[in-house]
Amino acid sequence: MKKILLTGGLGYIGSHVAVELAAKDFEIVILDDLSNSELFVLDRLKELTGKHITFEHGTSVTMILLVAFYPNMILKVSFTLPQRRR
Ligand SMILES: NC(=O)c1ccc[n+]([C@@H]2O[C@H](COP(=O)([O-])OP(=O)(O)OC[C@H]3O[C@@H](n4cnc5c(N)ncnc54)[C@H](O)[C@@H]3O)[C@@H](O)[C@H]2O)c1
């Protein structure tokens, strides 16, 4: 099973991408700073997909560290630029 790091995975686009990736049997690690989303989305994603989803609370800066800890991962970047946040 391929492991994938999905940044911004609790947001609008990211959560939809997570559902699709789960259907394709990816093991998902979501990185999100919760600046424009809430943790209940993670529970909803687990319910919808029936899959285990790992959550890391952090900013895209943390991503660099995560890549070191989760090697051999495909990287999908989905986060809004700070100036575009609502
Ligand atoms: N049709 C709808 O119901 C609907 C609802 C919401 C948004 N939209 C549209 O979708 C687009 C935005 O979707 P999106 O998914 O790109 O944005 P989003 O804000 O929904 O998701 C971005 C996610 O990234 C996280 N994030 C932001 N900066 C981060 C950082 N530096 N590090 C880690 N995480 C970070 C946020 O907490 C959020 O969970 C807009 O065009 C908006 O109008 C549509």
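Biologist: Let me start with one residue: where is the place of Asp25?

Modeller: Asp25 sits in the loop between H1 and S2. Keep in mind that this is a predicted model.

Biologist: What is there to read in the phi of Asp25?

Modeller: First the general idea: most residues other than glycine have a negative phi. Asp25 is not a glycine, yet its phi is positive, at about 65°.

Biologist: And is Asp25 buried or exposed?

Modeller: Asp25 counts as exposed, because it has 9 C-beta neighbours inside 10 Å, and the cut-off for exposed is 12 or fewer.

Biologist: What about Leu34, how do I read its phi?

Modeller: In the same way. Leu34, also a residue other than glycine, has a positive phi near 60°. Leu34 belongs to the loop between S2 and H2. Because Leu34 has 15 C-beta neighbours inside 10 Å, it counts as partly exposed.

Biologist: Let's zoom out. Which pattern does the chain follow along the sequence?

Modeller: Reading along the sequence gives β-α-β-α-β-α-β, made of 3 helices and 4 strands. Of the contacts with a separation of 6 or more, 69% join residues 24 or more positions apart.

Biologist: How do I read a pair of packed helices, such as H1 and H2?

Modeller: Two packed helices are described by the angle between their axes and the distance between the axes. Here the axes of H1 and H2 come within 10 Å and cross at roughly 30°. Angles under 35 degrees count as roughly parallel, so H1 is roughly parallel to H2. H1 passes H2 in a right-handed crossing.

Biologist: Which residues of H1 and H2 make the contact?

Modeller: From H1 come Ser15, Ala18, Val19 and Ala22, and from H2 come Val41, Leu45, Leu48 and Thr49. By type, the contact of H1 with H2 has 6 nonpolar residues, 2 polar and no charged.

Biologist: Now the core. Which residues touch the most other members of the largest nonpolar core?

Modeller: In general, nonpolar side chains tend to be buried together in soluble globular proteins. In this chain the largest nonpolar core has 15 residues, and Ile4, Leu6, Ala18, Leu21, Ile28 and Ile30 touch the most other members. Two or more residues each come from S1 (3–7), H1 (12–23), S2 (27–32) and H2 (40–49). H1 gives the largest share, 4 residues.

Biologist: What is Ile28 in contact with, leaving aside neighbours within four places in sequence?

Modeller: Ile28 is in contact with Ile4, Leu6, Ala18, Leu21, Ala22, Ile53 and Thr54. For the whole chain of 86 residues, 27% are buried.

Methods. Residues are numbered from 1 along each chain as its sequence is written. This is a predicted model: local features need pLDDT of at least 70, side-chain atom pairs count only at pLDDT 80 or more; totals for chains, interfaces and linings use all residues. A nonpolar core is a set of buried Ala, Val, Leu, Ile, Met, Phe, Trp, Tyr and Cys residues joined through C-beta atoms within 7 Å. A residue is buried if 20 or more other C-beta atoms lie within 10 Å of its own, exposed if 12 or fewer, and partly exposed in between; C-beta atoms are placed from the backbone. Two residues are in contact if their C-beta atoms, placed from the backbone, lie within 7 Å. Axes are lines fitted to C-alpha atoms, for helices over the stretch in contact, and angles run from 0 to 180 degrees between N-to-C directions. Angles under 35 degrees count as roughly parallel, over 145 as roughly antiparallel, 65 to 115 as roughly perpendicular and the rest as oblique. A crossing is left-handed if the near helix is turned anticlockwise from the far one by less than a right angle, and right-handed if clockwise. Ala, Val, Leu, Ile, Met, Phe, Trp, Tyr, Cys and Pro count as nonpolar, Asp, Glu, Lys and Arg as charged, and the others, Gly among them, as polar.
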